[in-house]
Amino acid sequence: MATKPFGSVICDRMSVSVFDADRFNDHDLVATDSLPLHPAAHVLHYGSACFEGLKAHRGSDGVIRIFRLDRHAERLRISAELLCLPDPPAELLTEMVRDTVTANIDDVPRPPGALYLRPVLIGTEANIGAAARPSRTALLYVIASPVGDYFDSSRTLTVAIETGLPRTTPQFGQAKTGANYAMALGITRRAAEADGADQVLFAPNGDVQETGASNFLMIDGNRIVTKAPDGSFLHGVTRDSLLTIAREQGYDVEERDVGVAELLARAPQVEMALSGTAAVLAPVGTLVHDGRRVTVGDGSPGPNTGKLRETLQAVQRGEMPDRWGWTTAI
């Protein structure tokens, strides 16, 4: 399954809960199939949707561990609030994710693969006159997909820098919602065609934020520089995990504003990487800015990027002690 494109294989069972007027009902495990969605559903007309992405890992000891389930549940609730969707109780979402993993446990790949989990919350009220108010009904569901690496970690990525257009509207920067990804699609496609770029780093007015699907880190020896969390970009759980590990390993972590000029000037002497649930920590080898290509370091994967990636994965798979209580065993 890991040889298939990332996320294209969906497991047979999913978990579903319906919100109707005032509460989410008890969730059910059902066959993964088409959703019973009315053509006038709020989500189809007014974009009332948010989601999460997390993984369950099979350890060398055979134990399945879900990584940072509580943090992802919390982030979905933040997105739901921003999208004016009903608040999914953390206990409910935790149970739904755990039950989805258990129901598809035979599909959890061995390392380096993992079971990617996708909780989704959508507004379902059938009313095309409800543009100015939230949906009164909603659907929460969790699907799963056995995956391999999103990026080939043995090679470096080419990242184009976009300074004119933002990745998202300011009020939804912290939300994990499909519209943010749709806004980046055309820009990313054009960069791929023009520059062979794998991703686009959005830096409106020169302020480095994130790529279409990952947070951005610059690593200079024992120092890591990344943008401080604010409302303009998604607060990555993988980012937070890597920074926590890095501090324990003696790295100095600077969370501050970063400008494009600084990136270009420091590129030859540093490592750069993209972090995310799917990407883990993927090395960047080339920046493209205004048609100019700038090599990052010597263009190959850097040692600090590899070290941090391997440490994080060791924690996820139970090969190193989980001192932070990040993993939930199934």
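Good morning. Strand E4 (54–58) and helix H7 (303–316) each supply at least two residues to the lining of the largest cavity, and I shall begin there. Please keep in mind throughout that this is a predicted model.

The structure holds 3 cavities of 30 Å³ or more. In the largest cavity there is about 90 Å³ of space. Its largest share of lining, 3 residues, comes from E4. Among the residues that line the largest cavity are Leu 54, Lys 55 and His 57, together with Phe 67, His 72, Thr 238, Leu 312 and Gln 316. By class, that lining has 4 nonpolar, 6 polar and 1 charged residues.

I turn to the second largest cavity, which holds about 60 Å³ of space. Its lining includes Lys 55, His 57, Pro 112, Asp 149, Gln 313, Gln 316 and Arg 317. E4 and H7 are the elements that give two or more residues to this lining. Lys 55, His 57, Val 280 and Gln 316 line the largest cavity, and Lys 55, His 57, Val 280 and Gln 316 also line the second largest cavity. The class division for the second largest cavity is 3 nonpolar, 4 polar and 3 charged residues.

Pro 112, one of the residues lining the second largest cavity, deserves a further remark. What is the form of the peptide bond from Pro 111 to Pro 112? That bond is cis, with omega near 10°. Pro 112 itself lies in the loop between H3 and E6.

Next, the open pockets. The largest pocket has a volume of about 560 Å³. It is lined by 32 residues, and those nearest its centre are Tyr 116, Arg 118, Lys 176, Tyr 181 and Ala 278. Two or more lining residues are given by each of strand E6 (114–123), strand E7 (137–147), helix H4 (178–195), helix H5 (237–248) and strand E14 (271–276). H4 provides the largest share, 4 residues. The lining divides into 15 nonpolar, 12 polar and 5 charged residues.

The second largest pocket has a volume of about 200 Å³. Which element gives the largest share of its lining? Again the answer is H4, with 5 residues. Tyr 181, which is among the residues nearest the centre of the largest pocket, lines the second largest pocket as well. Other residues of this lining include Tyr 150, Leu 185, Arg 189, Asp 198 and Gln 199. By class, the lining has 5 nonpolar, 3 polar and 2 charged residues.

Let me now consider helix packing. Two packed helices are described by the angle between their axes and the distance between the axes. For helix H2 (residues 69–82) and helix H3 (residues 90–103), the axes come within 10 Å and cross at roughly 125°. H2 and H3 are therefore oblique to each other, and their crossing is right-handed. In the loop between H2 and H3 lies Cys 84. Although Cys 84 is not a glycine, its phi is positive, at about 60°.

A positive phi also appears in a hairpin. Strand E15 (residues 280–289) and strand E16 (residues 292–295) pair in the antiparallel sense over 4 bridges. Thr 286 has Thr 295, in E16, as its bridge partner. The hairpin has 2 residues between the strands, and Asp 290 takes a positive phi near 50° there.

To close, I return to the cavities and pockets: E4 gives the largest share of the lining of the largest cavity, while H4 does so for the largest pocket and for the second largest pocket. Thank you.

Note on methods
Residues are numbered from 1 along each chain as its sequence is written. This is a predicted model: local features need pLDDT of at least 70, side-chain atom pairs count only at pLDDT 80 or more; totals for chains, interfaces and linings use all residues. Side-chain values use heavy atoms; hydrogens and water are left out. On a 1 Å grid over the protein atoms alone, a cavity is a set of points where a 1.4 Å probe fits but cannot get out, and a pocket is an open set with protein on both sides within 12 Å along at least five of seven lines; lining residues have an atom within 4 Å of a point. Grid points are joined across faces, edges and corners, and a volume is the space filled by probe spheres set on the points. Ala, Val, Leu, Ile, Met, Phe, Trp, Tyr, Cys and Pro count as nonpolar, Asp, Glu, Lys and Arg as charged, and the others, Gly among them, as polar. Two strands pair if DSSP finds at least two bridges between them. Axes are lines fitted to C-alpha atoms, for helices over the stretch in contact, and angles run from 0 to 180 degrees between N-to-C directions. Angles under 35 degrees count as roughly parallel, over 145 as roughly antiparallel, 65 to 115 as roughly perpendicular and the rest as oblique. A crossing is left-handed if the near helix is turned anticlockwise from the far one by less than a right angle, and right-handed if clockwise.
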